[in-house]
Amino acid sequence: MQIAVLGAGSMGHGIAQVSAMAGHNVVLRDIEAEFVEDGLEGIRDNLQGGVNRDKVTEEEMDATLESIKGTTDLEAAVEGADLVVEAVPEDMDLKKDVFVDVEEATDTDTLMASNTSSLSVTEMASVLEHPERVVGLHFFNPPHIMDLVEIIVAEQTDERTEQIAIDYVQGMDKVDVVVRDTAGFATSRLGLVTGLEAIRMVEEGVASPADIDEAMKLGYGYPMGPIELGDHVGLDVRLHIAEHLRRELGERFKPPQSLRRKVRAGNLGKKTGEGYYIWEDGKRVGTSGNWGGPDE
């Protein structure tokens, strides 16, 4: 297939990479040339890391890079695309605008997918003349490592779109989980509950972030503890999703105050160098001295 990925951030360039590694031709688009180049450089770094660990061959790396092009031109990115995946920031109005622009620039048989982790795909599709070709494809960070892709079926999604989405995911050797379009879907809803409760336990002095994370990894088989995961995906993202689910599902998703304070201070986790942990060069090197204190 011809794939267009809109948004070259950590999720977008990861989706472009796994799509190309599965044999698809990919165009990666962002609004500035610098963002596109950063995304392409991220793909090169990921692939080189795979080569260094004997997970990827030199030939596979070269073929993948050859299959990916970058651009800032939306119409050029989606021209001839069989599937367009938006991976822009989690803002409903922005995603709607992107979908409208894509619909105007593509044929009616082009599928459109959102990589949203919590927003309503049904609402996004509602602004289109042909909403039946919209589906959610919730990849997990980092896409080239994580096996799961959550396929979100909107109210308008037709059977053809759903089946092509399933085939696309399985063709990348990913595991698909199909869910109906409800607030938080399956994974964000369950994962957020654990993450918020872990933060509250830190606030109450139950244990340190590191000990809570270690307990969940060793006791329940989590590959990454819930507090570290929050730092990894971004505390601003965690807060945004929590506020959204609180509006949709009630007070059990009320964000802890320390989470709000960290976001207000700009301590967003791995991407800023500090969240509940201290990060250097993408590695966790310590625990923040400011856990946040009791909930207000």
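P142 sits in the loop that runs between strand β6 (134–139) and strand β7 (148–153), and in this predicted model the peptide bond that joins N141 to P142 is cis, with an omega of about -5°. A second backbone feature is found at D54, a residue other than glycine whose phi is nonetheless positive, near 60°; D54 is placed in the loop between α2 and α3 (58–66).

**Domains and their interface**

The protein is divided into two parts, domain 1 covering 2–180 and domain 2 covering 186–287, and their centres, taken over C-alpha atoms, are separated by 26 Å. The size of an interface is often given as the accessible area lost when the parts come together. The values for this pair of domains are collected below.

| Feature of domain 1 and domain 2 | Value |
|---|---|
| Separation of centres (C-alpha atoms) | 26 Å |
| Residues of domain 1 in contact with domain 2 | 11 residues |
| Residues of domain 2 in contact with domain 1 | 7 residues |
| Area buried between the domains | about 750 Å² |
| Share of that area from carbon and sulfur atoms | 55% |

Of the area that domain 1 buries against domain 2, 45% is supplied by S118, N141 and E150, which is more than any other three residues give. N141, one of these contributors, is also the residue joined to P142 by the cis peptide bond.

**Salt bridges**

Side chains of opposite charge can pair when their charged atoms come close. A search of the whole structure finds 12 salt bridges, whereas the count between domain 1 and domain 2 is 0. One salt bridge in the model links R44 with E41, where the closest N and O atoms are 2.9 Å apart. Because R44 and E41 are 3 residues apart in helix α2 (residues 33–52), about one helical turn separates them.

**Packing of α10 and α11**

Helix α10 (residues 226–233) and helix α11 (residues 235–249) have axes that come within 5 Å of each other and cross at roughly 105°. Since angles from 65 to 115 degrees count as roughly perpendicular, α10 is therefore described as roughly perpendicular to α11. On the α10 side the contact is made by P226, L229, G230, D231 and V233, which meet L235, V237 and R238 of α11. Sorted by class, the residues of this contact between α10 and α11 comprise 5 nonpolar, 1 polar and 2 charged.

Definitions and conventions. Residues numbered from 1 in each chain as written. Predicted model: local features only at pLDDT ≥ 70, side-chain atom pairs only at ≥ 80, totals over all residues. Heavy atoms only, no water. Axes fitted to C-alpha atoms, helices over the stretch in contact; angles between N-to-C directions. Helix = DSSP H or I, 4+ residues; strand = E, 2+ residues; numbered from the N terminus. Parallel < 35°, antiparallel > 145°, perpendicular 65-115°, else oblique. Contact = heavy atoms within 4.5 Å. Nonpolar A, V, L, I, M, F, W, Y, C, P; charged D, E, K, R; others polar. Domains from an automatic or database assignment. Buried area = accessible area lost by both parts, 1.4 Å probe. Salt bridge = Lys/Arg side-chain N within 4 Å of Asp/Glu carboxyl O.
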